[in-house]
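The exercises below ask the reader to work through one structure in steps. Each task is followed by its solution.

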Amino acid sequence: MTLAIPTPADLAERFCTYLDGRQFTADDGSLVTLDGRAANTFENVLAAVHAMGLYELYLTVQQLAKEMFVQTATVGGLLPMHADTWGVPRKAASAAVGYVLLASSSAQDVVVPAGTEFTADGSVRWITTAAMTVPAGSNGTPAPVQAETTGTVGNLAASTSLTIVSTVVGISSAIVDASGLAGGLDLEDVEVWRSRILLRVRQRAAAGTSAQYKLDASDAGAGYVNVVPGWLGDNTVGIIVLLAGPTVPTAAQIATIQTYIDARRPVRGNVTVVPGAIIPQNPTISLNPDTQAARTQVQAAVSSYYEGVAMAGWLYVSALSDAISSVAGETSHFISVPSADVKLEANQVPVLGAITWGSVA
């Protein structure tokens, strides 16, 4: 139910209506009839002041009513309190972590101290979190690093070459390993946070249930979760996770989520956390009209559709067609690939790969 708020003019009119016809005897004995609508009178000013004060009160009550519910509470209001009540803190920004492969050109072992800094283009630095000894002639000794800055800006693709900020004699190259530098996340989006709070409220989970495992994995940093009973046989559970993006978690991130769940699972719970897989989808679409503007809008609509498909969900040709039809100005289209609905595997999440643009016959 929406709280209807009268305008200041309406409130002033109500005040004037209340005054209408009221009379009193003045000190000189004359009979005075009140009229709040008469300009420049005390009653007229009083009606306006009363209306503005009452209007402000209405607005305050309306805001308080919104703050009472998770769906409409604000970050500056009671949303943090709702989150605290249900035990769903907002996920803080995190720094990317991973390994850098160090190669040595020295005939002797080289010690790389903790705190050694690397950069790709000078905008972000990654710092070693432990001292490392790189053997003489080594072609790839892994050194653990962490971004000095939180957020997605610290994530870096595999095989990226880095430069040592302060040269370490004997180290000839530094390259990000095959897992990349990952795990850098921005402060959790307010609406994503709100959704997690509502999920906790609506799915009050008991220990050992699928709902509880999903909540625990999400609280530990997972963006996509699928709980699979019997993953490794009877009385086992597989928890398949991907990070927001989606992004495949590194071994270190999987270990973090596993540790978090192990601390909360039932004593007899046999739980294994494993990374999911990101499956690019490459549809072939013919558009009418086929313009660059239409292609750009369709690409965005199709990408959004795939983002909304849950892990292990279905990819429906009809749903893909509906996404294309939602584009303004689209008259008709034809999807030649895929030609049939697809059921994703338990560990799979779809993303848009590349669209092949066909021609309308």
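In these exercises, a residue is buried under 20% relative accessible area, exposed over 50%, and partly exposed in between. The structure is a predicted model.

**Exercise 1. Classify the two side chains of the salt bridge between Glu117 and Arg125 by their accessibility.**

Step 1. The side chains of Glu117 and Arg125 form a salt bridge with an N to O distance of 2.5 Å.

Step 2. Glu117 has a relative accessibility of 23%, so this residue counts as partly exposed.

Step 3. Arg125 has a relative accessible area of 31% and is therefore partly exposed.

**Exercise 2. Determine which parts of the chain are linked by the salt bridge between Arg200 and Asp219, and classify both residues.**

Step 1. In this salt bridge the N to O distance is 2.7 Å.

Step 2. Arg200 belongs to helix 4 (residues 190-202) and Asp219 to helix 5 (residues 210-219); the pair is 19 residues apart and links distant parts of the chain.

Step 3. The relative accessible area of Arg200 is 16%, so Arg200 is buried. Asp219, at 21% relative accessibility, counts as partly exposed.

Step 4. The pair can now be placed in its surroundings. Glu188, Arg196, Arg200 and Asp219 are linked in a network of salt bridges.

**Exercise 3. State how many salt bridges the model contains, and examine the one between Asp262 and Arg265.**

Step 1. The general principle is that side chains of opposite charge can pair when their charged atoms come close.

Step 2. With a cut-off of 4 Å between a side-chain nitrogen of Lys or Arg and a carboxyl oxygen of Asp or Glu, the count comes to nine salt bridges.

Step 3. Asp262 and Arg265 meet this criterion with an N to O distance of 3.1 Å.

Step 4. Asp262 is partly exposed at 33% relative accessibility, and Arg265 is partly exposed with a relative accessible area of 28%.

**Exercise 4. Describe the barrel and the place of strand 3 in its pairing.**

Step 1. Six strands close into a barrel in the order 3-8-6-5-9-10, with antiparallel pairing. Neighbouring strands of this sheet are turned by 40 degrees against each other on average, direction ignored.

Step 2. Strand 3 pairs with strand 8 (residues 141-150) in the antiparallel sense over seven bridges. Within this pairing, Tyr99 has Pro144 of strand 8 as its bridge partner.

Step 3. Strand 3 also pairs with strand 10 (residues 171-176), in the antiparallel sense and over five bridges. Here Ser104 has Ile171 of strand 10 as its bridge partner.

Step 4. Strand 8 is also joined to strand 6 (residues 125-128) by three bridges, and the two run antiparallel. Ile127 stands opposite Gln146 in strand 8.

Step 5. Strand 3 (residues 95-104) is mostly covered, with seven of its 10 residues buried.

**Exercise 5. Identify which strands stand at the edges of the open sheet.**

Step 1. Three strands form this open sheet in the order 17-15-20, and the pairing is mixed.

Step 2. Strand 17 (332-337) and strand 20 (356-358) each have a single partner strand, so one side of each is left without a neighbour in the sheet; these two strands stand at the edges.

Step 3. Neighbouring strands of this sheet are turned by 30 degrees against each other on average, direction ignored.

Step 4. Strand 15 (residues 284-288) and strand 20 run parallel and are joined by three bridges. Ile285 stands opposite Trp357 in strand 20.

**Exercise 6. Describe the lining of the largest pocket and of the second largest pocket.**

Step 1. The largest pocket holds about 1200 Å³ of space. Among the 43 residues that line the largest pocket, Lys91, Gly221, Ala222, Gly223 and Ala244 are the closest to its centre.

Step 2. Strand 3, helix 4, helix 5, strand 11 (224-229) and helix 6 (251-262) each give two or more residues to this lining.

Step 3. By class, the lining of the largest pocket comprises 20 nonpolar, 15 polar and eight charged residues.

Step 4. The second largest pocket holds about 150 Å³ of space. Its lining includes Tyr99 and Pro144, which are also bridge partners.

Step 5. Strand 3, strand 8 and helix 6 each supply at least two residues of the lining of the second largest pocket. Strand 3 gives the most, with three residues.

Step 6. By class, the lining of the second largest pocket has six nonpolar, five polar and one charged residues.

Note on methods: Residues numbered from 1 in each chain as written. Predicted model: local features only at pLDDT ≥ 70, side-chain atom pairs only at ≥ 80, totals over all residues. Heavy atoms only, no water. Buried < 20%, exposed > 50% of the residue type's maximum accessible area, 1.4 Å probe, protein only. Helix = DSSP H or I, 4+ residues; strand = E, 2+ residues; numbered from the N terminus. Pairing = 2+ DSSP bridges. 1 Å grid on protein atoms, 1.4 Å probe; cavity = no way out; pocket = protein on both sides within 12 Å on 5 of 7 lines; lining within 4 Å. Points joined across faces, edges and corners; volume = space filled by probe spheres on them. Nonpolar A, V, L, I, M, F, W, Y, C, P; charged D, E, K, R; others polar. Axes fitted to C-alpha atoms, helices over the stretch in contact; angles between N-to-C directions.
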